[in-house]
Amino acid sequence: MSAVAIGFLGTGSYVPERIVTNDEIAELVVDATAEWVLDKTGIATRRWAAPEEATSDLAAKAALRALERAGLSPDRIDHLIVSTSTGDHPQPPTACLVQDLIGAHAAACFDLNAVCAGFLYGVELARALTTVRPGTHALVIGADVYSRILDFTDRRTSVLLGDGAGAAVIGQVPDGEGILRTDLSSYGESRDLIRVVAGGSRVPTTVETVAEGAHYFTMHGRGVRDFVMGTLPPLLDKLVTEAGFTIDDVDCFVPHQANGVLLRELAQRCGLAGAHTHLVVDRYGNVGSASVPVALDDAVTSGAIRPGQLVLLAGFGGGMSVGAGLVRWSG
């Protein structure tokens, strides 16, 4: 008996209405100009959530769009997974809030946090869950609201980040299509490259931690760049090779939308010059765990990904964590 083929049945995304230009961000960020931001990041605009919008609100809107494209009602979802590092609350899980918002009352719900790699972690969990229970469906959502934890005295980090959500419905697809191979890996020795120091059990929230700005997102940009350039090219090459292909066979590359300048260099370093690298970072900035699914949905809806094509997905973020997947796109 052959293994059940599992793949993407539908994608969806949502970004907030508020567009924040480089001119606006330069007024907030110390020692930044609009020209400097564009030159260093390739980002022209990013989206920020409205005051009344939280991560679950963005996630629910992306989820409903993915369900519509998959042709499924919310009550057909068996597992609902939300990847986020900016949940609505420490508890309950944001996934349970999304469940209630969209009416997916039959779903088992949970959050996961692998930061910007989390969507790929969720996809692999969904693949496993729907493989052992053929005919079931999983809804995987990546969503983050980073605009609430930005330190505007840190120009190299605060200019990068935005808010958004992307979603995918995972389930059975025709043989030979779907998710061909995945790779999940973590590098705890590099955990300090990306972090939020306060707000957990090691450094609980106090008046002092708030005054010190210890709840802001921090990132060592040079260290992250070196990690990505040293880790991703061999990992992606190995993934594709073990799936029985070469890098030249890849039709579309959808990476985490970290920084436009970094991503163009990464595609070259990985030997993906012949593939289409799909970027939305210029419009939306770095939207954390939402980056890969937002870019994926944009690639699908714009026609950059077509049925039968070989698609390479890659996420990388705090932990440090890396998730990658090779997919024969269904259609």
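Q: What makes a residue of this predicted model buried or exposed?
A: A residue is called buried when its relative accessible area is under 20%, and exposed when that area is over 50%.

Q: Which residues of helix α2 are called buried?
A: In α2, which spans residues 34-41, the buried residues are Ala34, Trp36, Val37 and Thr41. Each of these therefore has a relative accessible area under 20%.

Q: Why are these buried residues said to lie on the same side of α2?
A: They cover an arc of only 165° around the axis, and therefore they share one side of α2. Glu35 and Asp39 are exposed on the other side of the helix, so their relative accessible area is over 50%.

Q: What covers the buried residues of α2?
A: The covering elements include α1 (22-28), β3 (45-48), α6 (155-158) and α9 (260-269).

Q: Which residue just after α2 takes a positive phi?
A: That residue is glycine 42, with a phi of about 75°.

Q: How do you know that proline 134 touches residues outside its own stretch of sequence?
A: Contact means heavy atoms within 4.5 Å. With residues up to four places away in sequence not counted, proline 134 touches Val4 and Gln172. Proline 134 and glutamine 172 are 38 residues apart in sequence, while their C-alpha atoms are 7.0 Å apart in space. Proline 134 itself is found in the loop between α5 (118-132) and β6 (138-145).

Q: Why is strand β13 called mostly covered?
A: Of the 8 residues in β13 (residues 310-317), 8 are buried, so each has a relative accessible area under 20%. Both faces are covered: one side carries Leu310, Leu312, Ala314 and Phe316, and the other carries Val311, Leu313, Gly315 and Gly317.

Q: What makes β11 and β14 pairing partners of β13?
A: Two strands pair if there are at least two bridges between them. Strand β11 (residues 252-255) runs parallel to β13 and is joined to it by 4 bridges, so the two strands pair. Cysteine 252 has valine 311 of β13 as its bridge partner. Strand β14 (residues 321-328) runs antiparallel to β13 with 8 bridges, so these strands pair as well. Here leucine 313 has glycine 325 of β14 as its bridge partner.

Q: Which residue in the hairpin of β13 and β14 takes a positive phi?
A: Glycine 319 does, with a phi near 145°, in a hairpin that has 3 residues between the strands.

Technical notes. Residues numbered from 1 in each chain as written. Predicted model: local features only at pLDDT ≥ 70, side-chain atom pairs only at ≥ 80, totals over all residues. Heavy atoms only, no water. Buried < 20%, exposed > 50% of the residue type's maximum accessible area, 1.4 Å probe, protein only. Arc of directions from axis to C-beta.
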